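Here is a friendly walk through one protein model, written for someone who would rather be at the bench. Please keep the sequence and the structure open while you read.

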Amino acid sequence: MLQPPHITEFFIHTKIRPGATVIDATAGNGYDTEKLCRAVGETGRVYAFDIQQLALEETKKRLEAGGFLNATLILDSHSSMDCYVKEPVDAVLFNLGYLPGGDHNLQTKAETTIEAIEKSLALLSDEGFISVTVYYGKNSGCEEKNAVMAYFKTLDHKKYTVLACDFYNRPNNPPITVILTKNKS
């Protein structure tokens, strides 16, 4: 059974082909960056963003251990992705919240996340997808979750399909994964 955030892995395995260009908008510890590098193969390109040097260092270690050379690591906000990525992309992945094992005071913010999602939609190929996994709870991420989920509702249903998946009957603020795709004209 597909469950958030595993639905993102399903999309990675079924939609991303060798040679694709993709973005990991929140590199974190590099797990998704590594999955994306594997999916796009040697001829593909992964752009991985994070605002924390520690995150990029962990991502670099992971990629080097796996022998992946097809990623560009960028120390900048995901809201600046259009400054680095000029070509259409086949996937953009976001994991909202804070760096696991890092400083919980440094976390994604609604304003920059929504700006980054808008830029992702502009870069997205017709066959591509965007995955946004929202981690929230206790004292972190609830405002961002509410703002981002409200933003998704504003997207024109004639242009985009927005699928929200969550563990509806689980306690303690389980993650919510949202998949966005462009509708065919």
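D24 is buried, because its relative accessible area is 0%; buried means under 20% relative accessible area, exposed over 50%, and partly exposed in between, with a 1.4 Å probe and protein chains only. D24 sits in strand 1. Helices (H or I, at least four residues) and strands (E, at least two) are DSSP runs, numbered from the N terminus. Leaving aside neighbours within four places in sequence, D24 is in contact with D32, T33, L36, Y47, A48, F49 and L93, where contact means heavy atoms within 4.5 Å. K153, by comparison, is 129 residues from D24 along the chain, and 23 Å separate their C-alpha atoms.

A word on the origin of these values: this is a predicted model, in which local features need pLDDT of at least 70 and side-chain atom pairs count only at pLDDT 80 or more, while totals for chains, interfaces and linings use all residues. Residues are numbered from 1 along each chain as its sequence is written, and side-chain values use heavy atoms, with hydrogens and water left out.

**Helix 2 and its cover**

Two of the contacts of D24, D32 and T33, are also among the buried residues of helix 2, which are D32, T33, E34, L36, C37, A39 and V40. Seven of the ten residues of helix 2 are buried, so this helix is largely enclosed by the rest of the structure. The cover over those buried residues includes helix 1, strand 1 (21–24), strand 2, helix 3 (53–66), strand 3 and strand 4. After helix 2 comes G41, with a positive phi near 70°.

**Nonpolar cores**

A nonpolar core is a set of buried Ala, Val, Leu, Ile, Met, Phe, Trp, Tyr and Cys residues joined through side-chain atoms within 4.5 Å. Which members of the largest core touch the most others? They are I23, M81, F94, V132 and F152, out of 29 residues in that core. At least two residues each come from strand 2, strand 4, helix 4 (110–123), strand 5, helix 5 (142–154) and strand 7 (176–182). Helix 4 gives the largest share, five residues. Another core lies apart from this one and has 19 residues, among them I7, V40, F68 and F129.

I23 makes a good place to zoom in. Not counting residues up to four places away in sequence, I23 touches L36, Y47, F49, M81, V85, V89, A91, V92, L93 and L123.

**The largest pocket**

Rolling a probe the size of a water molecule over the atoms shows where empty space is left. On a 1 Å grid over the protein atoms alone, a pocket is an open set of points where a 1.4 Å probe fits, with protein on both sides within 12 Å along at least five of seven lines; lining residues have an atom within 4 Å of a point. The largest pocket has a volume of about 860 Å³. Its lining has 45 residues, and T26, N95, L96, Y98 and P100 are the closest to its centre. Helix 1 (6–15), helix 2 (31–40), strand 2 (45–50), strand 4 (89–96) and strand 5 (124–134) are the elements that give two or more residues to the lining. By type, the lining has 20 nonpolar, 18 polar and seven charged residues.

**Loop residues**

S77, in the loop between strand 3 (71–75) and strand 4, is in contact with F49, I51 and T112, again leaving aside neighbours within four places. S77 and F49 are 28 residues apart in sequence, yet their C-alpha atoms are 6.5 Å apart. Y135 and L96 are 39 residues apart in sequence and 5.7 Å apart in space, C-alpha to C-alpha.

N172 has a positive phi near 65°, and this residue is not a glycine. N173 is also not a glycine and has a positive phi of about 55°.

| Residue | Loop | Relative accessible area |
|---|---|---|
| S77 | strand 3 to strand 4 | 15%, buried |
| Y135 | strand 5 to helix 5 | 36%, partly exposed |
| N172 | strand 6 to strand 7 | 71%, exposed |
| N173 | strand 6 to strand 7 | 36%, partly exposed |

**Cysteines**

How many disulfides does a search of the whole structure find? The result is zero, with a disulfide taken as a pair of cysteine sulfur atoms within 2.5 Å. For C142, the closest cysteine sulfur is in C165, 20 Å away, so the two are too far apart for a bond. C142 is partly exposed at 31% relative accessible area, and C83 is exposed at 53%.

Conventions. Grid points are joined across faces, edges and corners, and a volume is the space filled by probe spheres set on the points. Ala, Val, Leu, Ile, Met, Phe, Trp, Tyr, Cys and Pro count as nonpolar, Asp, Glu, Lys and Arg as charged, and the others, Gly among them, as polar.
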